[in-house]
Amino acid sequence: MAELLKLGVLISGNGSNLQSIIDNIEKGSIKALIKIVVSNNPDAYGLTRAKNHGIPFAIIKNGDYKSKEDFDTQLVNILKDNGVELVALAGFMRIISPILLKAFPGRILNIHPALLPSFPGLHGQKQAVDYGVKYSGCTVHFVDEGVDTGPIIIQSAVPVLDDDTEETLAARILKEEHKIYPQAINLFAEGRLEIKGRKVFIKS
Ligand code: GRF
């Protein structure tokens, strides 16, 4: 059997994307294992999800570090100590510094709740409702030095309905997030993602 890809998952909150990754690993749909879950929020519900599945976790609090660089250095140490090969940001509410990027070049993924390049940054769902678009969705992409600017791996679109609020749209998008993030991670695990410039090609 081929070796499993060693994952580190970074969270700050509810961790429903973490849960979908765990569930897909457990049913054999992702050829990976989670070596460590790291949260910058000690109260993140995602930590309970990790505990429930016997997955090791670490907490690093923003306030405990003098600078973003010190925080990211500690984060890299934790990930490297656990042998992490791919970092999955799953609702991690921090902009990462070049320290993390350099430690994991081409090996950091993010899920964003909008069809990038539309509505990057915070509150992608609210931005879509306020703008009046008829479709929004979610995007899994490689992380680069920008905010939600890296090469796109998979997107999924959902309709935006006339009576949608930020919450109702977010719920519709989240269902798609839970499908495409595991898919993207498994494509990476199978070595099927090829980045050429801005484009990501999926090899068959
Ligand atoms: C998701 O909407 C994700 O796209 C965004 O943050 C949210 C995290 O949700 N980056 P959860 O913690 O995975 O439930």
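Where does P117 lie? I started my notebook with that one: P117 is in the loop between β5 and α5. Before going on, a reminder to myself that this is a predicted model.

**Entry 1: the loop between β5 and α5**

I checked the peptide bond from L116 to P117, and it is cis, with omega near 10 degrees. Then I moved along to F119, which is in the loop between β5 and α5 too. Its phi is near 55 degrees, so I wrote down a positive value in a residue other than glycine. My textbook rule for comparison: most residues other than glycine have a negative phi, and most peptide bonds are trans. Is F119 buried or exposed? I found a relative accessible area of 11%, and because buried means under 20%, F119 counts as buried.

**Entry 2: G124**

Next I looked up G124, which lies in helix α5. Its relative accessible area is 0%, so I put it down as buried. Which residues does G124 touch, leaving aside neighbours within four places in sequence? I got P113, A114 and F119. That ties G124 back to F119 from my first entry. I also took one long distance: G124 and L193 are 69 residues apart in sequence and 26 Å apart in space, C-alpha to C-alpha.

**Entry 3: S12 and what it touches**

I went to the loop between β1 (5–11) and α1 (16–26), where S12 lies. At 10% relative accessibility, S12 is buried. What does the side chain of S12 make a polar contact with? I found the side chain of N40, at 2.7 Å. A polar atom of the S12 side chain also lies 2.8 Å from the backbone nitrogen of M93. Not counting residues up to four places away in sequence, I listed S39, N40, N41, A44, A90, G91, F92 and M93 as touching S12.

**Entry 4: G91, seen from the other side**

G91 was on the S12 list, and I wanted its own surroundings. It sits in the loop between β4 (86–89) and α4 (98–103). With neighbours within four places in sequence left aside, G91 is in contact with L10, I11, S12 and G13. Its relative accessible area is 37%, so G91 goes in my notes as partly exposed. For E166 I noted 75 residues of separation from G91 in sequence and 17 Å in space, C-alpha to C-alpha.

**Entry 5: helix α1**

How many of the 11 residues of α1 are buried? I counted 8, so this helix is largely enclosed by the rest of the structure. The buried ones are S16, N17, L18, Q19, S20, I21, I22 and N24. They pack against β1, β2 (32–39), α2 (45–52), β5 and α6. After α1 comes G28, whose phi is positive, near 85 degrees.

**Entry 6: the largest pocket**

I looked up the largest pocket and got about 890 Å³ of space. It is lined by 34 residues, and the closest to its centre are G91, F92, M93, I111 and P113. The elements giving two or more residues to the lining are α1, β5 (108–112), α5 (124–131) and α6 (166–189). Which element gives the largest share? That turned out to be α6, with 5 residues. I was pleased to meet familiar names here: G91, F92 and M93 are also on the list of residues that S12 touches.

**Entry 7: rings and charges**

I found 3 aromatic pairs. One of them is Y65 with F71, an edge-to-face pair at 5.7 Å centre to centre and 85 degrees between the planes. Y65 is partly exposed, at 24% relative accessible area, whereas F71 is buried, at 1%. What sits over the ring of F71? I found the charged end of R94, 3.6 Å from the ring centre. Elsewhere, K196 lies over the face of F201, at 5.4 Å from the ring centre.

**Entry 8: D148**

My last stop was D148, in the loop between β6 (135–142) and β7 (152–159). Its phi is positive, about 60 degrees, although D148 is not a glycine. At a relative accessible area of 16%, D148 is buried.

Technical notes. Residues are numbered from 1 along each chain as its sequence is written. This is a predicted model: local features need pLDDT of at least 70, side-chain atom pairs count only at pLDDT 80 or more; totals for chains, interfaces and linings use all residues. Side-chain values use heavy atoms; hydrogens and water are left out. Helices (H or I, at least four residues) and strands (E, at least two) are DSSP runs, numbered from the N terminus. Buried means under 20% relative accessible area, exposed over 50%, partly exposed in between (1.4 Å probe, protein chains only). A polar contact is a pair of N or O atoms within 3.5 Å; within protein, one must be able to donate a hydrogen and the other to accept it, and residues adjacent in sequence count only if both atoms are side-chain atoms. Contact means heavy atoms within 4.5 Å. Rings of Phe, Tyr and Trp (its six-membered ring) pair if their centres lie within 6.5 Å; planes under 30 degrees apart count as stacked, over 60 as edge-to-face and the rest as tilted. A charge sits over a ring if NZ of Lys or CZ of Arg is within 6 Å of the ring centre and within 35 degrees of the ring normal. On a 1 Å grid over the protein atoms alone, a cavity is a set of points where a 1.4 Å probe fits but cannot get out, and a pocket is an open set with protein on both sides within 12 Å along at least five of seven lines; lining residues have an atom within 4 Å of a point. Grid points are joined across faces, edges and corners, and a volume is the space filled by probe spheres set on the points.
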